[in-house]
Amino acid sequence: MPFHSINLFAKQFITNTVLAVLLAVYLEGWTQTRFYDPIFGVGVKYTIEYGKTTIPLDKVTSLTLDFYAPENDTLRKRPLIILMHGGGYLMGNKNNYPMETLCSRFAQMGYTCASINYSLKFEKKGTPNDRAGKKVLQTTHELKAAIRFFRASVNNGNKFQIDANQIWVGGSSSGGITALHTAFVQAKHFDRFSWKLNDFGGLEGLGGNPNYSSKVQGVISLSGAIGDTAYIKSNIPVVSVHGVFDPIVPYEIGQIAFDFPFFGDVPSADVIIWLV
């Protein structure tokens, strides 16, 4: 096989081209993209009052959240994710480690994120479904109050730098249950209970900022559930993750089984897991 010679200029050209390609491949591997990669530091503002709980109506209390945001970020409108901790509606708070971790991770990727406190404990009187239904109504009121709080902030200087058209809600266990019902439940779905929806502030509640929308653009449900899949009519995207051996919130369909000493009881309401 004959060998062909090549001049020095051509050699240099090929060498430079190969180096340029290798450098491009190397830089591509290190290129980081907003919303996909952790490219920011995280700043946190703690214990911000976002609304009030009004169930029961004679015991109004303030509700607070922690707000996470990417540091040194110049973008003025960023998606917002509001998360709620788990705990069977009996225990937990906004400093829940999984929620703190998720909020921090989302903020590193360029999202804004909030971990919220909400009301705990069930009423002691009534059927299991009545008690569970009222607790879900109460916590959806509170999550909607948080959504409206942030939308109101946009019209008052937008100090949180959020995009009011991109608000997602989510959470783990009871937080996921609340998020799903916040997104999909309608007033007619409360006709099954002995108490009247309008006696407790209707579907929106009285938590604050009543002139703003509580509509969400998506849901993140981690071991959450919904009372009935018939509620799901709106075209709202859902990320739903659940374990088949979950001992508390049943996989697919069943009854809540949260029964731990000293914490009280959770009514054994029927739920359905919706996986997509």
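This passage describes two helices, a cysteine pair, the nonpolar cores and one loop residue. The model is predicted.

Helix α2 covers residues 97-108. Its 12 residues reach 16 Å from the first C-alpha to the last, close to the 16 Å expected at 1.5 Å a residue. Four residues of α2 are buried: Met-99, Cys-103, Phe-106 and Ala-107. Seen down the helix axis, these buried residues fall within an arc of 100°, so they line one face of α2. An α-helix has 3.6 residues a turn, so residues three or four places apart point the same way. The buried residues of α2 pack against six strands. These are β1 (42-53), β2 (61-70), β3 (78-84), β4 (112-116), β5 (162-172) and β6 (218-222).

Both ends of α2 show local detail. At its start, a side-chain oxygen of Asn-96 comes to within 3.1 Å of the backbone nitrogen of Met-99. Just after the helix, Gly-110 adopts a positive phi of about 105°.

Cys-103 also belongs to the question of disulfides. The structure contains zero of them. The closest cysteine sulfur to that of Cys-103 is in Cys-113, at 3.2 Å. A disulfide requires the sulfur atoms to lie within 2.5 Å, and the separation of 3.2 Å is therefore too far for a bond. Cys-113 is likewise in no disulfide, with the sulfur of Cys-103 as its nearest cysteine sulfur. Cys-103 counts as buried, at 0% relative accessibility. Cys-113 is buried as well, with a relative accessible area of 0%.

Helix α3 spans residues 128-154. At 1.5 Å a residue, its 27 residues should span 39 Å. The end C-alpha atoms are 40 Å apart, which agrees. This helix is mostly covered, with 24 of its 27 residues buried.

The largest nonpolar core holds 48 residues. Leu-65, Ile-82, Phe-150 and Phe-184 touch the most other members. Two or more residues come from each of β1, β2, β3, β4, α3, β5 and α4 (174-184). The most come from α3, which gives eight. Ile-82 illustrates the packing. Leaving out residues up to four places away in sequence, Ile-82 touches Ala-114, Ile-116, Leu-143, Ala-146, Ile-147, Phe-150, Ile-167, Trp-168, Val-169 and Gly-170. Another core, of 11 residues, lies apart from the largest one. Its members include Tyr-68, Cys-103, Phe-106 and Ile-220. Two of these names, Cys-103 and Phe-106, also appear among the buried residues of α2.

The loop between α3 and β5 contains Gln-161. Its relative accessible area is 18%. The limit for a buried residue is under 20%, so Gln-161 is buried. Its C-alpha atom is separated by 9.2 Å from that of Leu-80, 81 residues away along the chain. Neighbours within four places in sequence aside, Gln-161 is in contact with Asp-73, Leu-75, Arg-76, Lys-77, Arg-78 and Thr-112. One of these contacts has a polar component: the side chain of Gln-161 reaches the backbone oxygen of Leu-75 at 2.7 Å.

Key: Residues numbered from 1 in each chain as written. Predicted model: local features only at pLDDT ≥ 70, side-chain atom pairs only at ≥ 80, totals over all residues. Heavy atoms only, no water. Expected span 1.5 Å × (residues − 1). Buried < 20%, exposed > 50% of the residue type's maximum accessible area, 1.4 Å probe, protein only. Arc of directions from axis to C-beta. Contact = heavy atoms within 4.5 Å. Polar contact = N/O pair within 3.5 Å; in protein donor to acceptor, adjacent residues only side chain to side chain. Core = buried A, V, L, I, M, F, W, Y, C linked by side-chain atoms within 4.5 Å.
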